[in-house]
Amino acid sequence: MERVYKTMRNTGAISIAVGIVVAVIGITAGTVAIVSGAILLKRKSEITF
């Protein structure tokens with residue numbers, strides 16, 4: 001039984017760590033997308049086709 005609890009504890013800790021990493025990557029990607037979009041909107045008058 002003790003082995004099962006250790007496995008569950010390790011799995012829970014890994015799940016939390018992965019969740020934090022995914023959240024940080026998501027926030028970073030969203031911030032980069034917003035900044036890139038703002039730069040494109042700011043320079044839209046310079047774009048000619």
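In the predicted model, Lys6 is partly exposed, its relative accessible area being 41%. The side chain of Lys6 is engaged in a salt bridge with Glu2, in which the closest N and O atoms lie 3.6 Å apart. This separation satisfies the criterion applied, because a salt bridge requires a side-chain nitrogen of Lys or Arg within 4 Å of a carboxyl oxygen of Asp or Glu. Glu2 has a relative accessibility of 56% and is therefore classed as exposed. The two partners, Lys6 and Glu2, are four residues apart in helix H1, so about one helical turn separates them. By the rule used, the count of salt bridges comes to one.

Helix H1 comprises residues 2-42 and also contains Tyr5. With 54% relative accessibility, Tyr5 counts as exposed, since the exposed class begins over 50%. Tyr5 belongs to a nonpolar surface patch that it forms with Met1, Val4 and Met8. Together these four residues present about 500 Å² of accessible area.

At the level of the whole protein, the secondary structure consists of one helix and zero strands. The C-alpha trace spans about 70 × 15 × 5 Å along its principal axes. Of the 49 residues in the protein, 0% are buried, a class that is defined by a relative accessible area under 20%. The accessible surface of the protein amounts to about 4,700 Å². Carbon and sulfur atoms account for 72% of that surface.

Terms used. Residues numbered from 1 in each chain as written. Predicted model: local features only at pLDDT ≥ 70, side-chain atom pairs only at ≥ 80, totals over all residues. Heavy atoms only, no water. Patch = residues over 30% accessible without salt bridge, like charges linked within 9 Å, V, L, I, M, F, W, Y side chains within 5 Å. Areas by Shrake-Rupley, 256 points an atom, 1.4 Å probe, with all protein chains shown as cover. Helix = DSSP H or I, 4+ residues; strand = E, 2+ residues; numbered from the N terminus. Buried < 20%, exposed > 50% of the residue type's maximum accessible area, 1.4 Å probe, protein only.
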